[in-house]
Amino acid sequence: MIKIERFINTVFIGFCMAEEIKPLEILVVDDGPSVSSLLSRCLISPGYRVTTASSGNEGIRKYIEASAKGTPYELVFTDLSMPDGNGVDVTRAVKSRNINTPVYVVTSYVDGEQYARLHKELQELKPDGILEKPFRLDLIMGIAERVASGQDHKQFVVDYLVAQA
């Protein structure tokens with residue numbers, strides 16, 4: 001009986017280890033320290049690995065470095081309007097290297113010609129979503145959960161926004 005229990009325990013432990021899910025690697029690019037800090041704290045709590053960048057160019061550099069090391073980011077949240085590289089630049093850099101990396105652009109409503117130009121460029125790059133500030137943390141967490149589990153994160157966003165309307 002003891003041999004059978006040891007065998008079952010060994011098989012169970014091996015099964016659990018085989019089922020272990022690798023933590024999601026997330027890049028948060030935002031020039032607002034409070035936004036970066038909030039997103040980072042929120043996303044770290046369930047065990048995701050979060051790296052922050054305070055400008056578009058820094059975010060692009062970190063994305064390229066991580067990809068070169070073989071540890072690419074699996075999800076990117078980026079602000080649209082930032083000095084030193086914007087969300088359009090980040091989206092372009094990420095999607096040109098890996099079209100399958102989800103990129104969500106987070107932006108506050110801004111009037112003006114610059115915003116209209118950035119928004120038009122962004123639409124041509126087809127990010128996975130554009131989220132308005134102030135954003136809901138349950139939306140951000142839902143996106144990360146679906147990306148981590150391989151579920152349809154784009155449909156989740158559509159369903160979420162429809163339910164909120």
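Helix 2 and helix 6 cross at roughly 50°, and their axes come within 10 Å. The two helices are therefore oblique to each other. The model is predicted. Two further helix pairs, two nonpolar cores and one buried strand residue follow below.

**Helix 2 with helix 6**

- The crossing of this pair is right-handed.
- Helix 2 brings Leu38, Leu39, Cys42 and Leu43 to the contact. Helix 6 answers with Leu137, Ile140, Met141 and Ala144.
- By class, the residues of this contact are 8 nonpolar, no polar and no charged.

**Helix 6 with helix 7**

- The axes of helix 6 and helix 7 come within 9 Å. They cross at roughly 155°.
- Angles over 145 degrees count as roughly antiparallel, so helix 6 and helix 7 are roughly antiparallel to each other.
- This crossing is right-handed.
- On the helix 6 side, the contact residues are Asp138, Leu139, Gly142, Ile143, Arg146 and Val147. They meet His153, Phe156, Val157, Tyr160 and Leu161 of helix 7.
- The contact of helix 6 with helix 7 divides into 7 nonpolar, 2 polar and 2 charged residues.

**Helix 3 with helix 4**

- Helix 3 spans residues 56-68, and helix 4 spans residues 87-97. They pack at an angle of about 15°, with their axes 9 Å apart.
- That angle makes helix 3 roughly parallel to helix 4.
- Helix 3 passes helix 4 in a right-handed crossing.
- Gly56, Ile60, Tyr63 and Ile64 make the contact from helix 3. Asp89, Val90, Ala93, Val94 and Arg97 make it from helix 4.
- The contact of helix 3 with helix 4 has 6 nonpolar, 1 polar and 2 charged residues.

**Nonpolar cores**

- In soluble globular proteins, nonpolar side chains tend to be buried together.
- The largest nonpolar core here has 24 residues. Ile26, Leu43, Leu75, Phe77, Leu131 and Ile143 touch the most other members.
- At least two residues of this core come from each of strand 1 (25-29), helix 2 (33-44), strand 3 (75-79), strand 4 (103-107), helix 6 (137-149) and helix 7 (153-164).
- Helix 6 gives the most to this core, with 6 residues.
- Leu43 of helix 2 is listed among the residues touching the most other core members, and Leu43 is also part of the contact with helix 6.
- Ile143 is listed there too, and Ile143 belongs to the contact of helix 6 with helix 7.
- Setting aside neighbours within four places in sequence, Phe77 is in contact with Ile26, Leu27, Val28, Val29 and Leu43. Its contacts also include Tyr104, Val106, Leu131, Ile140 and Ile143.
- Another core lies apart from the largest one and has 18 residues. Among them are Ile60, Ala66, Tyr73 and Val76.
- Ile60 in this other core is also one of the helix 3 residues in the contact with helix 4.

**Val105 in strand 4**

- Val105 has its place in strand 4.
- Val105 counts as buried, because its relative accessibility is 0% and the cut-off for buried is under 20%.
- Neighbours within four places in sequence aside, Val105 is in contact with Thr78, Asp79, Leu80 and Thr91. Leu122, Pro127, Gly129, Ile130 and Leu131 are further contacts of Val105.
- Val105 and Glu132 are 27 residues apart along the chain. Their C-alpha atoms are separated by 8.4 Å.
- Leu131 is a contact of Val105 and also a contact of Phe77.

Key. Residues are numbered from 1 along each chain as its sequence is written. This is a predicted model: local features need pLDDT of at least 70, side-chain atom pairs count only at pLDDT 80 or more; totals for chains, interfaces and linings use all residues. Side-chain values use heavy atoms; hydrogens and water are left out. Axes are lines fitted to C-alpha atoms, for helices over the stretch in contact, and angles run from 0 to 180 degrees between N-to-C directions. Helices (H or I, at least four residues) and strands (E, at least two) are DSSP runs, numbered from the N terminus. Angles under 35 degrees count as roughly parallel, over 145 as roughly antiparallel, 65 to 115 as roughly perpendicular and the rest as oblique. A crossing is left-handed if the near helix is turned anticlockwise from the far one by less than a right angle, and right-handed if clockwise. Contact means heavy atoms within 4.5 Å. Ala, Val, Leu, Ile, Met, Phe, Trp, Tyr, Cys and Pro count as nonpolar, Asp, Glu, Lys and Arg as charged, and the others, Gly among them, as polar. A nonpolar core is a set of buried Ala, Val, Leu, Ile, Met, Phe, Trp, Tyr and Cys residues joined through side-chain atoms within 4.5 Å. Buried means under 20% relative accessible area, exposed over 50%, partly exposed in between (1.4 Å probe, protein chains only).
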